[in-house]
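Please look through the sequence and the model below before reading on. The paragraphs that follow move from aromatic side chains to helix packing and then to the backbone.

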Amino acid sequence: MRRKPLRPSALTATVGALSLAALLLAPATAHAAAPVPLAEAVASLPVSEENREGYDRSLFPHWTDEDRDGCNTRMEVLIAEATVAPETDERCRLTGGEWQSYYDDRVHTEARGLDIDHMVPLAEAWDSGASEWTTARRRDYANDLGEEVALVAVTARENRAKADKDPAQWVPPSEAALCRYVTEWTAVKTRWSLDVDQAEADALTAAAAECPDAVVDTEPAA
C-alpha cells in the first residue's frame with residue numbers, strides 16, 4: 001500500500017515515551033530531504049545523450065504485489081488515488097469508486113477507463129540511466145509506491161498519447177496540469193538519479209519559469 005501511516009497507539013504499547021520520540025524523530029533527521037524550488041531541481045539534473053539500445057519493457061517487471069495482500073501495484077494506485085473509495089473484494093476486484101485524471105481533468109467512475117502511468121516512462125528511464133541498473137532495481141522503479149507521484153491513475157487515452165515521450169515532446173492537454181506535471185516529472189528523475197537530454201532540460205527549464213512557486217519534495221530511492 002502507498003505510504004501507510006504509523007500508528008502511535010501500537011508503538012506506545014511496546015516502547016516508552018522516550019523511545020517513541022526517538023523513533024518518530026529519527027526518520028525525519030536521517031532521511032527527509034528539504035523541498036527544493038523546481039527551477040533549482042531542474043538545474044541539478046545531469047544532462048546527457050539518450051540511448052535506447054537494448055531496451056525491452058520486460059526488463060522492468062510489473063505489476064508486483066510487494067506486501068502480498070492480494071492487490072498488485074496497479075490496484076494499490078487505483079485504491080490510493082480514488083476520490084470516492086471503491087469497494088474491494090478478496091481478489092482485489094474493484095466495484096464503484098471515482099477517479100479524476102489530472103492530465104485532462106476528466107472524472108471516471110469505472111477503473112477500466114484508467115491506465116496507471118509511470119510518470120517517467122520505462123523506456124525514458126532506460127534511456128536516462130536505468131539501462132545500467134539490475135533487474136531488481138528496475139522492478140523497484142516500475143512499482144514505486146514509496147513516492148506518491150511516481151505512478152498516477154490517468155485517462156487511458158492520455159497515457160497512450162504520452163507513450164514514452166518526455167516533456168519536450170508531450171505535456172498534458174489540461175493547461176492547469178502543467179506545473180504539477182513538470183514538478184512530478186522532475187521529482188521522479190531526482191529520486192532515481194536519472195539524466196535528462198538537452199531538449200528535455202530546455203523544456204523543463206522553460207516550464208519551471210512559468211511555475212515560480214513549484215517545489216520538488218522527494219527522497220532518494222533506496
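**Aromatic rings and what surrounds them**

Y103 is buried, with a relative accessible area of 0%, and this value, like every other one in the text, is computed from a predicted model. Its sequence neighbour Y102 also counts as buried, at 11% relative accessibility, which is under the 20% that sets the limit for that word. The two tyrosines form an aromatic pair, with 5.1 Å from centre to centre and 80° between the planes of Y102 and Y103. Because planes over 60 degrees apart count as edge-to-face, the pair of Y102 and Y103 is placed in that class.

A further edge-to-face pair is that of W170 and Y181, whose ring centres are 5.7 Å apart and whose planes stand at 75°. W170 lies in the loop between α7 (156-162) and α8, whereas Y181 belongs to helix α8 itself, so the pair ties together parts that are 11 residues apart in sequence. Both partners count as buried, W170 at 11% relative accessibility and Y181 at 0%.

The ring of Y102 has a charged partner as well, since the charged end of R180 sits over that ring, 3.6 Å from its centre. Y102 and Y103 are also touched by S174, whose contacts include D104 and D105 once residues up to four places away in sequence are set aside. S174 lies in the loop between α7 and α8, and with a relative accessible area of 17% S174 is buried.

How many aromatic pairs are there by the ring-centre rule? The count comes to 12, and one aromatic cluster is formed by Y55, F60, W126, W133, Y141 and W192. One member of this cluster, W133, has R137 lying over its face, at 5.4 Å from the ring centre.

**Helices α8 and α9**

The chain as a whole has nine helices and eight strands, and the next step concerns two of the helices. Two packed helices are described by the angle between their axes and by the distance between those axes. For α8 (178-191) and α9 (198-209), the axes come within 10 Å and cross at roughly 130°. Are the two helices parallel or oblique to each other? An angle of roughly 130° lies neither over 145 degrees nor in the range of 65 to 115, and therefore falls among the rest, which count as oblique; α8 and α9 are accordingly oblique to each other. Their crossing is left-handed, and the contact is made by V182, W185, T186 and K189 on the side of α8, and by E200, L204 and A207 on the side of α9.

**Backbone geometry in the loops**

Most residues other than glycine have a negative phi, and most peptide bonds are trans. Against that background, the loop between α8 and α9 holds S193, which has a positive phi of about 55° although it is not a glycine. Is S193 buried or exposed? With a relative accessible area of 60%, S193 is exposed.

The loop between α3 (38-44) and α4 (73-81), where W63 is found, offers two further points to inspect. The peptide bond that joins H62 and W63 is cis, with omega at about -5°. R68, placed in the loop between α3 and α4, has a positive phi of about 55° and is not a glycine; R68 is exposed, with a relative accessible area of 77%.

**The chain as a whole**

Of the 222 residues of the chain, 41% count as buried. One of the buried residues is E147, with a relative accessible area of 4%, and E147 is found in the loop between α6 (135-142) and β7 (151-155). From E147 to D217 there are 70 residues in sequence, while the C-alpha atoms of E147 and D217 are 9.8 Å apart in space. For the chain overall, among contacts between residues at least 6 apart in sequence, 71% join residues at least 24 apart.

Conventions
Residues numbered from 1 in each chain as written. Heavy atoms only, no water. Helix = DSSP H or I, 4+ residues; strand = E, 2+ residues; numbered from the N terminus. Buried < 20%, exposed > 50% of the residue type's maximum accessible area, 1.4 Å probe, protein only. Phe/Tyr/Trp six-rings, centres within 6.5 Å; stacked < 30°, edge-to-face > 60°. Lys NZ or Arg CZ within 6 Å of the ring centre and 35° of its normal. Axes fitted to C-alpha atoms, helices over the stretch in contact; angles between N-to-C directions. Parallel < 35°, antiparallel > 145°, perpendicular 65-115°, else oblique. Left-handed = near helix turned anticlockwise from the far one by under 90°. Contact = heavy atoms within 4.5 Å.
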